[in-house]
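Colleague: Thanks for making time for this! Could you bring up the model so that we can go through it together?

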Amino acid sequence: MKRLWAVALALPLIAYPQIFGQKKTKAPQQREVKIQKTSLTKDQELQLGKEAAAEVERTMDVISNPEAEAWLNRIGQRLAQTPQANAYPYYFKIVNEPAINAFALPGGPMFVHTGLIREAENEDQVAGVLAHEMSHIALRHGANQMSKQQTWQTIAGVVGAAAGVAGGGSCGLLCQAVQLGGGLTENAMLMRFSRDHERDADLNGARMMAAAGYNPIELARFFEKLQAQSGAAASPKGITAFLSSHPSPGNRVQYVDEDITFYPKRDYNAATGDFDKVQRVVASLPPPKLKPAGLLQPVQAQTRSGLPAGFKNLETKGFAIGYPADWQAGQAPQSTGIFIVPQGGAAKSAKGGIELIVGALIDYNETSQDKRDVRRATDELLKTLKQGDPNMQIENPSELTLGGKPALSTKLTTRTSYQPEPEQVVYLYTVMRNDLLFNMALAAPPSKLRDAEPVFQQITRTLQFKD
């Protein structure tokens, strides 16, 4: 009896929390970060990244400074050894560019702007941006987006077009320059992610940093610092573009700080101690060196008044030019220049390349001559052309103004592999811009010259330089 009474007294004590609606509180759980599913294989990612990295090297001023490069790679490879990096073959290079940015390409190539190194307050913040960008690759965010939006073949064609090595996809003989809308580093498909992807990259990046011995809260602090500076009159160059491609998923400091509570306790002392020295190296670099391929990169064309009827506008980083709307503007595989041609205006040459038959071919060339002397630089180019084509006939250049700048016009006659009419007349226009020789060849067979010349004159009048 006493035993039963004791049990009865104990029952209310057990039931009490349930009577008043109280529930056991669950222990807080760390947010799960998942690797995204994608139809792309890892080999395809690696190939895509290889082509994209070649485009960066071709168009941007990638610096060669052993001290700064070694410092960046010590940070990057330490991060790459963590489980959160997902065993991609990452490598790291510095781009001489004042705008704040860093980007990892599919498969692992990583590029950091000098502007970001200048703006960071410590090495841990640089490591934080690296870890964040690497996390987009490790979690396969870009590959996931690409497999949703397009087939691999079409993606390869677009990337190859930008890199000048396209052959796949729907690119055809000429890869449409006007459809590229910018370089690889500006391509929304490769570089822009959702807020959920951004949060996961933050969390995976913070865990990567902690595993490598860097203070993970510095990742969040750097992004929050840039957010606070956005819109200010004296804000560093490139903040707006950087934040638009890294949309804020909320209070980064708060959720990263909460995530840190799940990490094993440790000292964050991975910094090399060379941050201040590298900042001084970066600050002492000369302005970025403009490359021919960089100036030819198409950008989003602006609405432009004053073009001839039936013309549309092509804009690159170096110039803008109008051309007939039924012509095609683009780049050919293995070609550095931009073709602007009517249907059939470019053809495969006997040597396997692409040659101009009717229309325009625009390019930039480096010169060993005085950067202010367009005549000497033009003579150097003409000599090179003559060496490649001994039968070429060259008339004396004449002076004129092109795009508001002093220029030369040189008439050439040559031959192409176009069998119906192999003879060709070329008007070569040359202008010194950005320490490079801008050159535009307008060409046609003699039988088509009468119809072509008025169009050529209209094209030359629309040329505008960006500087």
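Modeller: Happy to! Let's begin with β5 and strand β6 (residues 319-324), which pair in the antiparallel sense over five bridges. Please keep in mind that this is a predicted model.

Colleague: Which residue of β6 is the bridge partner of glutamate 315?

Modeller: Strand β5 covers 311-315, and β6 covers residues 319-324. The bridge partner of glutamate 315 in β6 is alanine 320.

Colleague: And what is the order of the strands in that open sheet?

Modeller: The sheet has three strands with antiparallel pairing. Its edge strands are β5 and β17 (464-465), each of which pairs on one side only. That gives the order β5-β6-β17.

Colleague: Which helix lies across these strands?

Modeller: The helix to look for lies across β5, β6 and β17. Its direction is at about 155 degrees to β6. It spans residues 449-462 and is helix α17.

Colleague: Let's turn to the interior. Which helix gives the largest share of the largest nonpolar core?

Modeller: That core has 41 residues, and those with the most contacts inside it are Leu79, Tyr90, Leu130 and Met134. The largest share is eight residues, from residues 123-138, which form helix α5.

Colleague: What does leucine 130 touch, leaving out residues up to four places away in sequence?

Modeller: Leucine 130 is among the residues with the most contacts inside the core. Beyond those sequence neighbours, the residues it touches are Leu72, Ile75, Gly76, Leu79, Phe92, Met110 and Val112.

Colleague: How many residues are in the second, separate core?

Modeller: The second core includes Leu296, Tyr364, Phe438 and Ala452. Its size is 34 residues.

Colleague: Now a polar residue: is asparagine 204 buried or exposed?

Modeller: Asparagine 204 sits in helix α10 (residues 195-212). Its relative accessibility is 7%, and the cut-off for buried is under 20%. Asparagine 204 therefore counts as buried.

Colleague: Which residue has its backbone oxygen 3.2 Å from a polar atom of the asparagine 204 side chain?

Modeller: Leaving aside neighbours within four places in sequence, asparagine 204 is in contact with Val33, Gln84, Ser135, Ala138 and Leu139. The backbone oxygen lying 3.2 Å from a polar atom of its side chain belongs to glutamine 84.

Colleague: Last one, for the whole chain: what percentage of the residues count as buried?

Modeller: The protein chain has 17 helices and 17 strands. It exposes about 23000 Å², with carbon and sulfur atoms supplying 51% of that area. Of its 467 residues, the share that count as buried is 50%.

Technical notes. Residues numbered from 1 in each chain as written. Predicted model: local features only at pLDDT ≥ 70, side-chain atom pairs only at ≥ 80, totals over all residues. Heavy atoms only, no water. Helix = DSSP H or I, 4+ residues; strand = E, 2+ residues; numbered from the N terminus. Buried < 20%, exposed > 50% of the residue type's maximum accessible area, 1.4 Å probe, protein only. Areas by Shrake-Rupley, 256 points an atom, 1.4 Å probe, with all protein chains shown as cover. Pairing = 2+ DSSP bridges. Contact = heavy atoms within 4.5 Å. Axes fitted to C-alpha atoms, helices over the stretch in contact; angles between N-to-C directions. Core = buried A, V, L, I, M, F, W, Y, C linked by side-chain atoms within 4.5 Å. Polar contact = N/O pair within 3.5 Å; in protein donor to acceptor, adjacent residues only side chain to side chain.
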